[in-house]
Amino acid sequence: MIEAFINRLPSLLLSLPIVLLALSVHEAAHGYAAYRLGDPTARNLGRLTLNPLKHLDPVGFLCMVFFRFGWAKPVPVNTRNFKNPRRDMALTGIAGPISNVLLAFLFVVLLRIYVIFVDPVYLLYGDGFMATVAYLFYIFLLSGVTLNLSLAVFNMIPVPPLDGSRFCYVFLPTKVYFGLMKYERYISLAIMLLLFLGVLSGPLGWIVDKLMWLMCRMVAMPAWVY
């Protein structure tokens with residue numbers, strides 16, 4: 001187990017800045033969407049920023065690093081400031097996952113540009129310091145794709161406190177929606193347990209793989225990359 005952890009250590013370290021960026025963009029997108037729709041709560045609390053310290057949830061951060069699915073500290077939203085609370089809450093909720101999908105696609109484009117100039121044989125099987133640096137940068141860009149997609153997919157699960165539940169606010173009767181929100185804490189604990197047990201990894205990972213395949217096809221990515 002220790003040897004496996006040591007082997008994973010380089011990729012874990014490379015994922016840290018990606019995770020911080022993904023979480024910060026995700027929450028800032030929520031706050032900006034709410035602000036544009038009439039709610040200045042997040043702006044007033046200094047949450048319209050990419051500073052990860054403003055958004056970091058330690059447990060969600062560690063889950064992102066080790067399990068590839070996690071969360072940040074939710075941006076506060078006051079629906080009373082919205083002109084159309086049901087619609088605007090849904091738009092605010094979906095803004096976070098959409099921002100991560102767009103960020104993932106940006107990393108796909110950067111990865112496509114990168115592999116144009118790097119020989120795959122050298123990148124995957126080359127020896128020496130420069131070959132190692134080239135391979136680590138490839139892993140960094142690849143992590144930018146997978147981790148952003150993982151964050152987007154995980155947060156679209158339609159249960160509180162995840163963003164998918166905000167989107168469901170449009171379709172569920174108000175009484176049913178707020179009835180579910182009463183159990184937010186228990187649902188959060190259940191989700192954490194499922195993450196630790198690996199129950200969610202299979203189905204969510206399948207969705208992430210399909211989205212990544214689609215993005216790579218859009219930029220004519222060589223098959224060996226993904």
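This passage looks at a buried arginine, the helix that follows its loop, and the cysteines of a predicted model.

Arg 47 sits in the loop that runs between helix H2 (41–44) and helix H3 (58–67). Despite its charge, Arg 47 is buried and makes no salt bridge. The nearest side chain of opposite charge belongs to Glu 27, and it is 4.2 Å away; since a salt bridge calls for a separation within 4 Å, the pair doesn't count as one. What Arg 47 does have is a polar partner in the backbone: a polar atom of its side chain lies 3.3 Å from the backbone oxygen of Pro 74. Pro 74 also turns up among the residues that Arg 47 touches, leaving aside those up to four places away in sequence. That set takes in Glu 27 and Ala 28, then Ala 42, then Lys 54 and His 55, and finally the run Lys 73, Pro 74, Val 75 and Pro 76.

On to H3. At the start of this helix, Asp 57 points a side-chain oxygen to within 3.1 Å of the backbone nitrogen of Val 59. Further along, the buried residues of H3 are Gly 60, Phe 61, Cys 63, Met 64 and Val 65. After the helix comes Arg 68, with a positive phi near 75°.

As for the cysteines, Cys 63 counts as buried because its relative accessibility is 2%, under the 20% cut-off. Cys 216 is buried too, with a relative accessible area of 1%. A search for disulfides across the whole structure comes back with zero.

Notes:
Residues are numbered from 1 along each chain as its sequence is written. This is a predicted model: local features need pLDDT of at least 70, side-chain atom pairs count only at pLDDT 80 or more; totals for chains, interfaces and linings use all residues. Side-chain values use heavy atoms; hydrogens and water are left out. A disulfide is a pair of cysteine sulfur atoms within 2.5 Å. Buried means under 20% relative accessible area, exposed over 50%, partly exposed in between (1.4 Å probe, protein chains only). Helices (H or I, at least four residues) and strands (E, at least two) are DSSP runs, numbered from the N terminus. Lys and Arg count as positive and Asp and Glu as negative; His and the chain ends are not counted. A polar contact is a pair of N or O atoms within 3.5 Å; within protein, one must be able to donate a hydrogen and the other to accept it, and residues adjacent in sequence count only if both atoms are side-chain atoms. Contact means heavy atoms within 4.5 Å.
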